[in-house]
Amino acid sequence: MTHWLLVVAGGLVGASLRYLLGVDAKFRLHSVFPWGTFAANAGASLLLGFLSEAVTDGELGPRLQLLLATGFCGALSTWSTFSYELMTLASARRLGLAAGYLTLSVAAGVGLSFAGAAVAHAAF
């Protein structure tokens with residue numbers, strides 16, 4: 001039961017932060033580009049890369065892994081919202097923006113995951 005509560009606690013914070021990033025980005029930037037989702041996914045990728053390396057190096061125990069990696073990062077990042085926003089851009093015939101969002105999101109997600117792992121590797 002404790003494991004489930006750790007995931008729920010991390011998810012509560014991660015999902016709330018993702019929501020606030022989206023609201024804040026729309027309020028501040030007034031852009032069609034989905035900066036809030038992009039920022040949430042990029043941040044989660046960076047942190048998850050760091051946490052994955054920390055687990056591999058034995059620096060992060062199973063409870064923190066559930067809280068931070070599974071709960072927090074799992075809720076902070078969002079494939080479904082990314083897909084929805086990508087489809088919305090494409091449906092609105094903003095194909096260049098949709099292609100840019102797709103390319104930038106995938107490149108940033110993968111690149112930041114490796115960057116986070118490299119930082120953790122250097123730290124541990």
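These exercises work through a predicted model of one chain.

**Exercise 1. The overall fold**

Work out which secondary structure elements the chain has and how they follow one another.

Solution.
- Start with the elements. The chain has 5 helices and 0 strands.
- Put them in sequence order. The pattern reads α-α-α-α-α.
- Add the dimensions. The C-alpha trace spans about 45 × 30 × 25 Å along its principal axes.
- Check the contacts. Take those between residues at least 6 apart in sequence: 77% of them join residues at least 24 apart.

**Exercise 2. Burial and surface**

Find what share of the residues counts as buried, and what share of the accessible surface belongs to carbon and sulfur atoms.

Solution.
- The cut-off for buried is under 20% relative accessible area.
- By that cut-off, 31% of the 124 residues are buried.
- Now turn to the surface. The accessible surface of the chain is about 7500 Å².
- Carbon and sulfur atoms account for 71% of that area.

**Exercise 3. The salt bridge**

Identify the partner of Arg28 in a salt bridge, and place the two residues in their helix.

Solution.
- Count first. The structure holds 1 salt bridge.
- Name the pair. Arg28 bridges to Asp24, and their closest N and O atoms are 2.7 Å apart.
- Apply the cut-off. A salt bridge needs the nitrogen within 4 Å of a carboxyl oxygen, and 2.7 Å is the distance here.
- Locate the pair. Both residues sit in helix H1, and because they are 4 residues apart, about one helical turn separates them.
- Compare exposure. Arg28 is exposed at 61% relative accessible area, whereas Asp24 is partly exposed at 33%.
- Recall the general point. Side chains of opposite charge can pair when their charged atoms come close.
- Widen the view to charge. The chain carries 6 positive and 5 negative side chains, and the centres of the two sets are 19 Å apart.

**Exercise 4. The start of helix H1**

Determine which residues make the nonpolar surface patch of about 470 Å², and describe Leu5 and His3.

Solution.
- List the patch members. They are Met1, Trp4, Leu5 and Val8.
- Place Leu5. This residue lies in helix H1, which covers residues 2-29.
- Test Leu5 against the patch cut-off. Patch residues need over 30% relative accessible area. Leu5 has 44% and is partly exposed.
- Move to His3. His3 also lies in helix H1. Its relative accessible area is 47%, so His3 counts as partly exposed.
- Look across the chain from His3. Arg63 is 60 residues away along the chain, yet the C-alpha atoms of His3 and Arg63 are separated by 7.0 Å.

Methods:
Residues are numbered from 1 along each chain as its sequence is written. This is a predicted model: local features need pLDDT of at least 70, side-chain atom pairs count only at pLDDT 80 or more; totals for chains, interfaces and linings use all residues. Side-chain values use heavy atoms; hydrogens and water are left out. Patches are made of residues with over 30% relative accessible area and no salt bridge: like charges are joined within 9 Å, nonpolar side chains (Val, Leu, Ile, Met, Phe, Trp, Tyr) within 5 Å. Accessible areas come from the Shrake-Rupley method with a 1.4 Å probe; for residues, only the protein chains shown count as cover. A salt bridge is a side-chain nitrogen of Lys or Arg within 4 Å of a carboxyl oxygen of Asp or Glu. Buried means under 20% relative accessible area, exposed over 50%, partly exposed in between (1.4 Å probe, protein chains only). Contact means heavy atoms within 4.5 Å. Lys and Arg count as positive and Asp and Glu as negative; His and the chain ends are not counted. The place of a charge is taken as NZ of Lys, CZ of Arg, CG of Asp or CD of Glu.
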